[in-house]
Amino acid sequence: MRIKEINVLRGPNYWSIRRHKLIVMVLDLEEMEERPSHIIEGFYERLKKLLPSLNSHRCSEGHEGGFFERVKDGTWMGHIIEHIALEIQTLAGMETGFGRTRGYGKVGVYQVVFSYLEANVGRYAAESAVAICEALITNKAYDLESDIQQMREIRDNYRLGPSTGSIISEAEERGIPWMRLNEHSLCQLGYGSKQKRIQATVTSETSCIGVELAGDKKQTKYMLRKSGIKVPDGVIVSEIEDLEKAGQELGYPVVIKPIDGNHGRGISIGVNSLAEAKKAFEEAKKVSYQVIIERQIFGFDYRLLAINNQFVAASKRTPAHVIGDGKLSVKQLIDQENKDPRRGYGHENVLTLISINRLTKRIIADSGYSLKTILKKDELLVLKDTANLSTGGTAEDVTDMVHPENINLTERISRIIDLDICGIDIVIEDISKPLSTSNGAVIEVNAGPGFRMHLAPTVGKPRNVAALVVDELFPHKTDIGKIPIIAITGTNGKTTTTRLIAHMAKMNGCRVGYTTSDGIYIQNQLLQSGDCTGPDNANFVLRDPEVNFAVLECARGGLLRAGLAFSSCDVGIVTNVSEDHLGLKGIHNIKQLARAKAVIPEVVTPEGYAILNADDDLVYAMREGLSSNVALFSMEENNPRILELQAEGGITAVYENGYITLFKGGGKMRIIKAENVPLTFGGKASFMIQNILPAVIAAHVQHISIQDIRAALGTFVPSALQTPGRLNFYQFKNFKVLIDYAHNRAGMMALKNLTDNIDASTKLGIVAPIGDRRDEDNIEIGKLAAEMFDEIIIRFDKDLRGQTEDQLISIIKKGISSVKPELKPQVIFSETEALTQAIKNAKKDALIVLFCDDVLAATQVVKDLKNQEENNVDR
């Protein structure tokens with residue numbers, strides 16, 4: 001078996017609009033296509049022995065054990081691999097269960113689809129499931145536990161930590177969109193100009209000065225002491241020679257820690273001698289140049305949390321420890337403690353496994369014990385220097401026990417250090433007593449404090465502190481960080497419709513970001529060129545803090561490869577569906593293509609609008625089952641589908657008596673005469689009228705006035721600036737050149753309807769067969785070219801996509817000769833060379849049409865040659 005490709009979907013997709021996190025593995029079974037499970041001797045038994053938990057999979061049988069029944073009766077390896085991939089993720093602590101296995105359109109090749117919780121784990125699970133299946137087929141031993149541990153480690157390396165994850169979960173509950181900005185904990189909540197950012201529990205509202213202060217223990221202590229708050233006596237040292245004097249001044253025991261450390265790194269407590277101090281000093285120096293030595297305060301370790309300068313939670317923290325029973329050794333007690341189901345690897349459970357590292361062994365040794373020592377009954381042995389949960393510590397919620405004076409102290413400290421999210425560590429015998437009258441002290445102030453101890457305490461009531469962070473970032477319940485998103489898909493007309501809507505919104509005063517097949521634009525400034533219709537490009541716009549209105553062209557390729565970048569949009573437009581790119585990514589017929597494009601209207605919000613082409617049966621059918629409003633457009637004012645929606649008071653746009661006309665609630669508004677819209681070339685380009693209709697509806701439902709819509713239509717001029725590669729006409733002295741991006745039958749037919757009405761002595765077309773099209777599609781391009789043109793130049797795209805030039809020439813010539821056997825096309829491989837030669841040899845009153853691939857390069861050729869002509873005329 002061979003994995004051909006693995007795609008990670010992260011948004012609404014072809015397979016499911018609700019299950020965003022899917023792996024789509026294209027798997028070639030090769031010879032295993034002829035060997036289903038029941039004819040492989042011993043396969044069923046070996047699978048059942050290796051993965052007995054698969055018995056819980058019901059499969060299509062609908063009952064427990066159903067999957068094993070399928071394996072026993074005979075099923076294909078793709079289906080088995082799907083179930084293995086799901087189960088091994090579950091065994092690694094990431095329970096998930098959605099899966100599908102479908103044919104890819106080629107014999108023996110399948111799309112194995114399954115859900116994941118962590119993308120890198122999902123990818124690993126895909127490869128592992130294939131390897132497991134191959135081992136079972138050949139009766140080879142397989143180390144399943146190694147794979148499961150590897151998946152746990154991958155998850156821990158890449159997933160969001162519990163604090164960040166809790167804020168994200170709370171945001172999701174409120175419908176606030178989010179995206180991860182790096183591989184760590186930097187995340188964006190909301191889109192565009194409405195965005196806020198978090199990094200762990202530091203937010204875009206957090207004071208930079210506050211973070212700096214909290215990170216400098218010397219300055220923190222200084223600020224607190226000056227404000228009358230009890231802190232431990234201490235000194236700063238940077239050289240080991242200063243330790244002896246510091247120890248004498250403070251008196252042992254002391255605490256030694258790095259001056260700018262965090263998360264318990266490099267801290268040593270209970271240091272009782274100069275020898276111990278030197279070891280602790282070296283550990284602290286690994287974290288920071290200067291080291292702080294403090295008199296040790298005795299009592300319990302408490303963490304108090306303030307959010308937005310309000311006390312919200314408190315936790316009593318205890319370092320990892322074991323309690324003797326008079327029978328088991330220290331090592332056995334640790335092993336027993338680690339069997340607690342609440343403990344897990346990293347942050348996977350409420351508690352973390354207690355590791356036996358060098359520090360643990362040193363602490364045990366300093367206590368006069370070893371791992372083999374049997375502790376007395378009820379004797380407590382501390383195993384770590386700090387009470388951090390990440391090192392195996394435990395936490396007890398004591399929020400309701402905190403003395404009012406300590407609550408006030410917490411809130412005061414958060415203001416003094418200037419932190420919106422502030423963790424304050426206090427050592428005190430009893431948190432229900434005031435700090436001011438006790439022997440306790442404030443040990444540390446933390447920026448970006450961990451929430452895990454409050455969210456899931458070992459003992460006591462959980463506190464949803466993440467909700468308070470989201471309250472701070474989005475204080476108004478109606479503000480969920482969204483900006484208007486208009487998504488456009490279809491076979492043809494997407495880019496022009498996108499650009500036109502963006503133009504309308506910009507004229508209405510919006511700060512617009514939009515994506516097209518020729519680039520990403522923020523406020524009409526091209527920031528990235530090329531085909532930018534995928535989810536990464538949409539995220540580019542949604543990340544930009546200037547943008548308050550997004551218009552996103554969404555092509556099938558990105559949708560199939562990675563899903564949508566957004567989970568919902570306000571307006572979803574489908575211009576049309578016709579045969580294009582068939583035979584790619586498992587899409588082999590037009591109904592499958594329509595299903596892919598139907599994702600856009602399916603993700604429109606209930607209060608939003610799905611805008612559909614009533615003249616296209618496949619597009620019109622997409623209205624079924626939508627939860628949003630539906631608006632329709634048509635080139636036929638008496639289209640029965642249009643009339644039905646109008647009778648119901650719905651919104652429609654039609655081409656009516658030469659006008660672009662909007663109908664709503666029984667009323668009729670003529671926007672503008674089509675021939676007065678530059679984009680329509682005097683009304684001759686009917687396909688451009690079709691692009692205008694959904695744009696008008698989209699602008700209207702986004703509350704852009706009719707006056708602004710009309711003004712925008714009158715100022716949107718087809719040109720290399722506003723519509724690059726879309727009906728770009730250039731008038732030379734004796735002939736015309738037209739550059740257009742049309743690259744499929746429907747696009748060429750639309751252009752043919754226009755060029756048929758243009759008078760020319762000769763019509764020359766520069767066309768290209770396309771490497772990733774079916775033979776019949778390239779033959780059709782040849783036929784249409786022969787119908788449109790008197791002369792033809794065949795050129796090639798930069799990427800032949802696996803085909804040879806001779807193959808492509810033969811196929812397109814077959815189409816040309818079937819219409820005009822006498823026409824002998826010229827072959828010029830380079831697009832720019834073909835265009836240059838056509839212009840230099842142009843006949844008087846000729847029309848040259850380039851179906852372009854590289855819009856910018858082609859436009860530059862035309863501009864250069866026009867300049868040459870004009871300069872020659874001047875001379």
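Where does Asp418 lie? In this predicted model, Asp418 is found in the loop between α13 (404-417) and β20 (421-428). The backbone of Asp418 has a phi near 65°, a positive value in a residue other than glycine. Its relative accessible area is 41%, and because the partly exposed class spans the range between 20% and 50%, Asp418 counts as partly exposed.

A second aspartate may be read alongside this one. Asp378 is placed in the loop between α12 (358-366) and β18 (380-382), and its phi is likewise positive, near 70°. With a relative accessible area of 58%, Asp378 is exposed, since the exposed class begins over 50%. These backbone values merit attention because most residues other than glycine have a negative phi.

The peptide bonds offer a further feature of this kind. Most peptide bonds are trans. Tyr252 and Pro253, however, are joined by a cis peptide bond, with omega at about 5°. Pro253 belongs to the loop between α9 (243-250) and β10 (254-258).

The remaining feature concerns charge on the surface. Arg18, Arg19, Arg100 and Arg102 together form a positive surface patch. One of these residues, Arg19, sits in the loop between β1 (2-9) and β2 (22-28). Arg19 has a relative accessible area of 36% and is therefore partly exposed. That value also agrees with its membership of the patch, because patch residues must have over 30% relative accessible area and no salt bridge.

Terms used. Residues are numbered from 1 along each chain as its sequence is written. This is a predicted model: local features need pLDDT of at least 70, side-chain atom pairs count only at pLDDT 80 or more; totals for chains, interfaces and linings use all residues. Side-chain values use heavy atoms; hydrogens and water are left out. Patches are made of residues with over 30% relative accessible area and no salt bridge: like charges are joined within 9 Å, nonpolar side chains (Val, Leu, Ile, Met, Phe, Trp, Tyr) within 5 Å. Accessible areas come from the Shrake-Rupley method with a 1.4 Å probe; for residues, only the protein chains shown count as cover. A salt bridge is a side-chain nitrogen of Lys or Arg within 4 Å of a carboxyl oxygen of Asp or Glu. Lys and Arg count as positive and Asp and Glu as negative; His and the chain ends are not counted. The place of a charge is taken as NZ of Lys, CZ of Arg, CG of Asp or CD of Glu. Helices (H or I, at least four residues) and strands (E, at least two) are DSSP runs, numbered from the N terminus. Buried means under 20% relative accessible area, exposed over 50%, partly exposed in between (1.4 Å probe, protein chains only).
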